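Good morning. I will walk through one structure today, a few local spots at a time. Please have a look at it before I start.

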Amino acid sequence: MSKVTVVGAGNVGATCANVLAFNEVADEVVMLDVKEGVSEGKAMDMMQTAQLLGFDTTLTGCTNDYAQTADSDVVVITSGIPRKPGMTREELIGVNAGIVKSVAENLLKYSPNAIIVVISNPMDTMTYLALKSLGLPKNRIIGMGGALDSSRFKYFLSQALGCNANEVEGMVIGGHGDTTMIPLTRFATYKGLPISNFLSAEKIEEVAKSTMVGGATLTGLLGTSAWYAPGAAGAFVVEAILHNQMKLVPCSVSLEGEYGETDICCGVPVILGKNGIEKIVELPLDEAEKAAFKASADAVRKVNGALKEVGAL
Ligand SMILES: NC(=O)c1ccc[n+]([C@@H]2O[C@H](COP(=O)([O-])OP(=O)(O)OC[C@H]3O[C@@H](n4cnc5c(N)ncnc54)[C@H](O)[C@@H]3O)[C@@H](O)[C@H]2O)c1
Ligand SMILES: O=C(O)C[C@H](O)C(=O)O
């Protein structure tokens, strides 16, 4: 029996739980939130779609009762506040650091062997906080951002190419921030061929810029940050782990010399399998890409510095 807990049954958490159930990724999905009755209500609502959609996963909800989350294989942390138009993700640190730290500690008490997927923002810093405060092996702490950013990159590429997004390949590495993301345009392909065969340098630059501010654009349109693609990207990462898919997915992970960085969690391509991070994959970056990664990591490290200021570390 496989079990996943999703903490935070708001927009992202509920969407993630819904996709996990619909795709029958786990036998059991538990949602937990601090808001009385919300997880229970959303779980019941989703369970009432089971015969319509034809899934067998059992969904339950609970209000802050961590005993219900016991023995989860994977736990997903989405609890915390989202940004509003005009804000950066980094501005959320003051509120979200305390929430993520206490949630992660509570989860671990009941699921000591779980793999932890962090989604709450600022995600790279929240992943680093989970790593530092829980003291777990680095393969079990995974920040979800790159799966979403890469999906957005493929969407914008497909729009520019006039093709289906499944026909393009592309990855975004670096921090999950408006200015720290690095869409790897040089490695992006359409049907296995470099995109530069089909798109002008100006168009490729435009796609990269749209990708980087993808979350901010949606926040401007929605009044709060996005949830359909973020929730699905969370479920995608969970599935790769739980089903031991050995997929290559950019995730925020603890770096110990890889990409020239240490003491940081930042987005790099990893192989995801039953142990969480099975392997960090080092790409042959050129000098410009290396410089972009260094600048991105420096920016993430600066935000990590604020964890002490807010008393989280
Ligand atoms: N990493 C990513 O790619 C990515 C993508 C989208 C959103 N996010 C982030 O995910 C977080 C959630 O976004 P959302 O749109 O779902 O927000 P939301 O407000 O809809 O949901 C957040 C939920 O967390 C709950 N919560 C707050 N404190 C809690 C606690 N201590 N224990 C349990 N639950 C608690 C709230 O009650 C709320 O239901 C935000 O920080 C957002 O910035 C990250
Ligand atoms: O943009 C946000 O603040 C939420 C999330 O990180 C996203 O990229 O959708």
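I begin in the loop between β5, residues 115-118, and α5, residues 123-134, because a proline sits there: Pro122. This is a predicted model, so please keep that in mind throughout. The peptide bond leading into that proline, from Asn121 to Pro122, is cis, with omega near -5°.

From there, move to the helix that follows the loop. How is α4, residues 93-110, placed against α5? The two helices pack at an angle of about 40°, and their axes are 10 Å apart. An angle counts as oblique if it is neither under 35 degrees, nor over 145, nor from 65 to 115, so α4 is oblique to α5. Their crossing is right-handed.

Which residues make this contact? On α4 they are Ile93, Asn96, Ala97, Val100, Lys101, Ala104, Glu105 and Leu108. On α5 they are Thr125, Met126, Leu129, Ser133 and Leu134. Sorted by type, the contact of α4 with α5 has eight nonpolar residues, three polar and two charged.

For a wider frame, UniProt, in an unreviewed entry, places a domain called "Lactate/malate dehydrogenase N-terminal" at residues 3-143. Over residues 3-143, the chain is 40% helix and 20% strand. The C-alpha atoms at the two ends of that stretch are 19 Å apart.

Next, backbone angles. Lys191 is not a glycine, yet its phi is positive, near 55°. Lys191 belongs to the loop between β10, residues 189-190, and β11, residues 193-194. Is Lys191 buried or exposed? Its relative accessible area is 58%, and exposed means over 50%, so Lys191 is exposed.

Asp263 also has a positive phi, near 55°, and is likewise a residue other than glycine. Asp263 lies in a strand, β13, which covers residues 262-273. With a relative accessible area of 43%, Asp263 is partly exposed.

My last stop is Ala165, found in the loop between α6, residues 146-161, and β7, residues 168-169. Its relative accessibility is 31%. Partly exposed lies between 20% and 50%, so Ala165 counts as partly exposed. Setting aside neighbours within four places in sequence, Ala165 is in contact with Lys154 and Ser158. How far is Ala165 from Tyr190 in sequence and in space? They are 25 residues apart along the sequence, and 9.3 Å apart from C-alpha to C-alpha.

That is the end of my tour. Thank you.

Key: Residues numbered from 1 in each chain as written. Chains lettered and ligands numbered in written order. Predicted model: local features only at pLDDT ≥ 70, side-chain atom pairs only at ≥ 80, totals over all residues. Heavy atoms only, no water. UniProt positions renumbered as here; feature names shortened; annotations may be inferred. Helix = DSSP H or I, 4+ residues; strand = E, 2+ residues; numbered from the N terminus. Buried < 20%, exposed > 50% of the residue type's maximum accessible area, 1.4 Å probe, protein only. Axes fitted to C-alpha atoms, helices over the stretch in contact; angles between N-to-C directions. Left-handed = near helix turned anticlockwise from the far one by under 90°. Contact = heavy atoms within 4.5 Å. Nonpolar A, V, L, I, M, F, W, Y, C, P; charged D, E, K, R; others polar.
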